[in-house]
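Reader: Could you take one part of this model and look at it closely, and then set it against what surrounds it? I would like a careful account rather than a quick list.

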Amino acid sequence: MSRLDYLIRRLALAIFVVIGVLTITFIVSHLVPSDPARLFTGPRASKEKIEETRERFGLNKSIPTQFVKYVKSTIQGDFGISFKTKTAILTDLKIFLPATLELVILSLLLAVMIGIPIGVYSGAHWGKKFDLLGRVLTTSGVSIPSFWLALVLQLIFFSWLGWLPLGGRLSRDFLIFAPIPHITGFNLIDAAITGHWEAWKDALIHIITPAFVLAVYPICLISRMIRGSIIEVLTQDYVMAARAGGMPEHLVLFRFALKNAIAPTLTVISLVFAYSISGSVLIEIVFNWPGLGKYITDAIINADFPVVLAVTLIVTIIYVLINLFVDLLQAAIDPRIRLG
Amino acid sequence: MKNPKVMHLILVLGVVLTLTFSFIGSGTAEGASKKVLSVGIVQDPNDTDPRSGYDSYAQMVLYHMYEALTYYNRPGSKEEIGPWLATSWESNKDKTQWTFHLRQGVKFHDGTDFNAAAVKYTIENTVAEKMAPSWIYSPIKSMEVVDEHTIKFSCKAPAQLDLILSSGFGAWMISPSATNTVKWFNAGNSSGTGPYKFASRVPGTRIIMEHHKDYWGGWKEDQFTSIIFDIIPDATVREQMLRSGDLDVAYELNHDSIESLKQAPGVAVHIEPAFKSNFLLVNFKKPPLDNLKVRQALAQSFPYDAVIAGTYGGLGTRGSGLIPQSMWGANPDLSVTQDMAKAKKLLAEAGYPKGGLTLELWASEGNTLYKNIGEIWQPELAKLGIKLDIRVLSFNTITDKAKTDPEHAFDFMGQDWYPTYVTPTDFFYSVFHAGEFFNFGHYANSKFDDLVLKADDMTASDRAGSIEAFKQAGKMLADDVGAIFMYDAPEIYTIRSDLEGYEYSPGYSAVFSFYKLKRKK
């Protein structure tokens, strides 16, 4: 099967996945006993006002009619209005989606930068002190609940040392007196583009703790993965032969071992990316990070289902696209993998 | 890189550097600037439309951006009602004709002049849009713009209009030339006359206000020019930030922390009277609670003091009937004390000498208060042979069930109430008048309903008589055990102690003026 055929088939399948998720979320959110019209009008609203609101949003129509209407407007890029905040969901997403992506991407960068070196070094020094220490640390790393680690780091770096802020994306002074212009929505990028270096520094010290906490699980996962495959390769006969032939140790490590370890690691990284988007929910709450996680948590608590639907849809699309990307990438890297 | 040692070194260095980089930030955030007041609140206001915003979270922000015609002064002040956007007013003897003289030189946020036409517009618009608090205007028959700064009201019956117009909800004046739609207001726009206006709003995250330069009160050098409301749902985080000075004002901290905050350096705690009453509604449609003796027995078994100590950190005060003790119209003689012997006797008289009942307390999600109260009550009820089940459900589920199938709904439901404008009517009528939406317990007593309406009618013409009638209504409701009246809740403000100019009125208990605050030098 050619690569293009494969791509088209996968995309068609992806559409079904998205529609499926959307339908299930829609049905579930409409089965939950709640009254969105009352949510919109507030607790002390008059009966007339509630009826008027029900009419306005078509909430008095049957569920299939509402679903068709919802799908139509979603295709046109209109996610509707949040019943809770009464603002257009699209406007909110423009703020929250980049905030989450910025956090997740930085945490992945950290994971790669820290995880790969640790994995390589432990693999190369298998059974030595560093490896043992690394194993203890990575095992603890995957087992520690992220919100607990977040609280401990806050305690150390905010309460005791006063080095890092407690939460948020930016200090108040920058928010009010020198805000970063909204270009991409990624604070670090926007501040760099506009040369607003003071704000860049401020954004960095705000993002670093949440990004690190979010990175801990991927760091451990990646380093264990790399370590495992390196050990596996290093015990192979052909490596022994290469070593016997006088091949320098670092060449053995990079040419044979690391190369073999990269393909499965890539899969892990991309899956971890998707994992981090949902994993960021807890982190965002602890660090008061204004991202998708915090947005959808508020929405779920308040039964604000247009927001729940919109966020679910976006996360699903991201997930599907990442999976597709990984499959293609793997095929490109590893000739043993066939598409089909 | 021929030497593997070098490579190892680089790898190790890489790890160390990244770790260091991720841990040690280059200095910390600067403290909030002197001109910025930072406020930590629990959740986003549900509605920042001044015509419809109808809960404490809405008042928390609207109060700084909008003003009403009159101001409800702190009890104990010389006058009950003071000037705000109106400087003076008079009425005819039977209080059916009112003339308000408006403040001159007032500008809305959009630059429009505030005048009598704007008052007329605001009230007409709020009523036409059927906004939730618009019922406060129901006594008004017509309005007449006499001149630029004078407006005349004709009322259908005698009405205390100066009190009504001091309302903490729905009485905010808005500019006739602004867009004024629900969506517009909630997208971070404001059209009031208040000292601050919306600068930006990120839902669920933050609200920023900046000062309204043309504010009629003028501006001095040391006032705050910006207010930032950070939405921080976690009470411990808000407390930490207040202690460290990252917040100037922290809303709704845990009651258990108040004692230690009083001792904390840099923090000031203000415990204020509020017109807020907490009670357990009783379901009159569901046996055995339709039996007065059973209700009386239950009210006698309630551990009032233990509940105040256990759930409100000892900060609440014993209630006496529905109306909070600090408010006018309260009846001080209705307080009930726990008396298990009496409870047992009453229960036996009702035909349940051994108890043998199972009752349900329904508490709404997201608020652990009523669940905790139920847990304190459980062992007391067990002594009477009554089992109390606590169910945590969404507010909508509770109220839907109460409306559509009351026979299978709660036995008790936790509820609190505060007035729209300061009148006992808002308590008695809204929660206990037959057929009203918030009468989830289905209390129905036509004598009580008539008495409340009579007391309300007399509010304007004969305040003393009206107070007497409200007291009677309170007694009638307490005698019927219309609810278990638990306690009056105070309002607690925790702020940095370097702020001066703090001023509070329970007429607007969710807020205090930020315009009047200054940072001590």
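Author: In this predicted model, a good place to begin is A:G58, which adopts a positive phi of about 65° just after α3(A). The helix that precedes this glycine, α3 of chain A, runs over residues 47-56, and within it A:K49, A:I50 and A:T53 are buried. These three lie on the same side of α3(A), because the arc they cover around the axis is only 100°. The cover over the buried residues of α3(A) includes α2 of chain A, residues 36-41. On the face of α3(A) that is turned away from the buried side one finds the exposed residues A:K47, A:E48 and A:E55, so that the helix can be read as having a buried side and, facing away from it, a face that carries exposed residues.

Another helix of the same chain offers a second view of burial. Helix α5 of chain A comprises 36 residues, 89-124, and at 1.5 Å a residue these should span 52 Å; the C-alpha atoms at its ends are 50 Å apart, which agrees with that expectation. Of the 36 residues of α5(A), 26 are buried, and α5(A) is therefore largely enclosed by the rest of the structure.

Beyond these helices lies the partner chain. Contacts between the chains involve 48 residues of chain B and 52 residues of chain A. On the side of chain B that touches chain A, the elements giving two or more residues are α1 (4-23), β1 (36-41), α5 (182-186), β10 (226-231), α6 (235-244) and α12 (395-404) of chain B. The most is given by α1(B), which supplies 7 residues to that side. By residue class, the side of chain B that touches chain A is made up of 20 nonpolar, 19 polar and 9 charged residues.

As for chain B as a whole, its secondary structure amounts to 15 helices and 19 strands. Its radius of gyration is 26 Å, close to the 24 Å given by the globule rule for 521 residues, so chain B is as compact as a globular protein of that length. Taken along the principal axes, the C-alpha atoms of chain B fill a box of roughly 95 × 70 × 40 Å. Of the 521 residues in chain B, 48% are buried, and among the contacts in chain B with a separation of 6 or more, 68% are accounted for by residues 24 or more positions apart.

Terms used
Residues numbered from 1 in each chain as written. Chains lettered and ligands numbered in written order. Predicted model: local features only at pLDDT ≥ 70, side-chain atom pairs only at ≥ 80, totals over all residues. Contact = placed C-beta atoms within 7 Å. Helix = DSSP H or I, 4+ residues; strand = E, 2+ residues; numbered from the N terminus. Nonpolar A, V, L, I, M, F, W, Y, C, P; charged D, E, K, R; others polar. Buried ≥ 20, exposed ≤ 12 C-beta atoms within 10 Å, placed from the backbone. Arc of directions from axis to C-beta. Expected span 1.5 Å × (residues − 1). Rg over C-alpha atoms; globule rule 2.2 N^0.38 Å.
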